[in-house]
Amino acid sequence: MLTIVKHPLIEVKLDIMRDENTKAKEFREALEEIASLMSFEVFKDIKTHETEEIIKTPTGIELHKHRLDKKIILAPILRAGIGMVDGVRKMIPTARTGHIGIFRDEETLLPHEYYFKLPKVENPLVVVIDPMLATGGSAIDAISAVKKRGYTDIRLMCLVGVPQGVKAVQTAHPDVNIYLASLDEKLNEKGYILPGLGDAGDRIFGTK
Ligand code: PRP
Ligand code: URA
């Protein structure tokens, strides 16, 4: 399933990120904020339960505190995925975070895994996070790496994708729901998303 998270606030912030004149600080802020906004959709179906813990309201009423039924693991793909993690964590402070190191060879566009560490949690929802879904190779490998470690409940949260990448992920991992803020048009000859926002990692970390 593909969900495009459409919201006027996301649309406006995405323009900031697409603008080539936007500096790294504003770029990072907009990315983090969009990640927070997208969280409402990505976690919309997670159920809660009432705990034994009691809270008392200023109006003198006692209520059972709610807790999410699911333990959440955020699994950003390095580097650019890091830029979305704090935005999601602000919404779910109890989420644990792992890291998946994958980079895309600039010539072949093929992904290479160089690091993998997820926290040990029983039966979690693992959200693989990366702002860019281009050929889909990185996301496919990241999800395969997560599955290889025995996790089964997995979602993919990206910012901008293209039909080619979405299709590739859906074919390789039909059980994984994909969330995007925007479905862009296509890739250019260098594998960059059009209109896109350039190299997300470079813009977040100021490496170019
Ligand atoms: C970018 C992006 C994705 C990947 C998407 O990372 O953050 O991980 O490319 O492309 P794909 O869908 O064609 O695989 P990159 O490989 O540039 O690594 P970086 O974050 O270290 O810059
Ligand atoms: N990775 C990026 O950072 N940007 C793109 O447009 C495609 C892949």
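Modeller: A polar contact is a pair of N or O atoms within 3.5 Å. The model under discussion is a predicted one, and ligand 2 offers a case to which this limit can be applied: a backbone N or O atom of I193 lies 2.8 Å from an oxygen atom of ligand 2. The value falls within 3.5 Å, so the pair is a polar contact.

Biologist: What makes G198 a polar partner of ligand 2?

Modeller: A polar backbone atom of G198 is 2.8 Å from a nitrogen atom of ligand 2. A200 contributes a polar backbone atom as well, 2.8 Å from an oxygen atom of the ligand. Both distances are within 3.5 Å, and therefore both pairs qualify. As for cover, ligand 2 taken alone exposes 240 Å², of which the protein buries 89%.

Biologist: Which residues surround ligand 2?

Modeller: They are R104, M132, A134, G191, Y192, I193, G198, D199 and A200. Each is counted because one of its heavy atoms lies within 4 Å of the ligand. The space that ligand 2 takes is the largest pocket.

Biologist: How do you know that D130 makes a polar contact with ligand 1?

Modeller: An N or O atom in the side chain of D130 is 2.4 Å from an oxygen atom of ligand 1. Polar side-chain atoms of T135 and S138 each lie 2.6 Å from an oxygen atom of ligand 1. These values are within 3.5 Å, so D130, T135 and S138 are in polar contact with ligand 1. Taken alone, ligand 1 exposes 500 Å², and the protein buries 90% of that.

Biologist: Where does ligand 1 sit?

Modeller: Ligand 1 sits in the largest pocket. Strand 6 (99-104), strand 9 (132-133) and helix 4 (137-148) are the elements that give two or more residues to its shell. In total 13 residues surround ligand 1, the closest being R79, R104, D130, T135 and S138.

Biologist: Why is the pair E33 and K13 called a salt bridge?

Modeller: The rule asks for a side-chain nitrogen of Lys or Arg within 4 Å of a carboxyl oxygen of Asp or Glu. For E33 and K13 the N to O distance is 2.9 Å, so the pair meets the rule. E33 belongs to helix 2 (residues 24-42) and K13 to helix 1 (residues 8-18), 20 residues apart, so that the pair links distant parts of the chain.

Biologist: How do you know whether E33 is buried, partly exposed or exposed?

Modeller: Partly exposed covers the range between under 20% and over 50%. E33 has a relative accessible area of 36% and K13 one of 21%, so both are partly exposed.

Biologist: What makes K90 and E32 a salt bridge?

Modeller: Their N to O distance is 2.5 Å, which is within 4 Å, so the rule is satisfied. The pair joins helix 3 (residues 82-91), which holds K90, to helix 2, which holds E32, across 58 residues. K90, at 56%, is exposed because its value is over 50%, whereas E32, at 22%, is partly exposed.

Biologist: Why is K44 with E41 called a salt bridge?

Modeller: The 3.1 Å from N to O is within 4 Å, and therefore the pair counts. K44 is exposed at 58%, while E41 is partly exposed at 24%.

Biologist: How many salt bridges does the rule give?

Modeller: The count is 14. E53, K65 and R67 are linked in a network of such bridges.

Technical notes. Residues numbered from 1 in each chain as written. Chains lettered and ligands numbered in written order. Predicted model: local features only at pLDDT ≥ 70, side-chain atom pairs only at ≥ 80, totals over all residues. Heavy atoms only, no water. Helix = DSSP H or I, 4+ residues; strand = E, 2+ residues; numbered from the N terminus. Buried < 20%, exposed > 50% of the residue type's maximum accessible area, 1.4 Å probe, protein only. Polar contact = N/O pair within 3.5 Å; in protein donor to acceptor, adjacent residues only side chain to side chain. Areas by Shrake-Rupley, 256 points an atom, 1.4 Å probe, with all protein chains shown as cover. 1 Å grid on protein atoms, 1.4 Å probe; cavity = no way out; pocket = protein on both sides within 12 Å on 5 of 7 lines; lining within 4 Å. Sits in = over half its atoms within 2 Å of the grid points.
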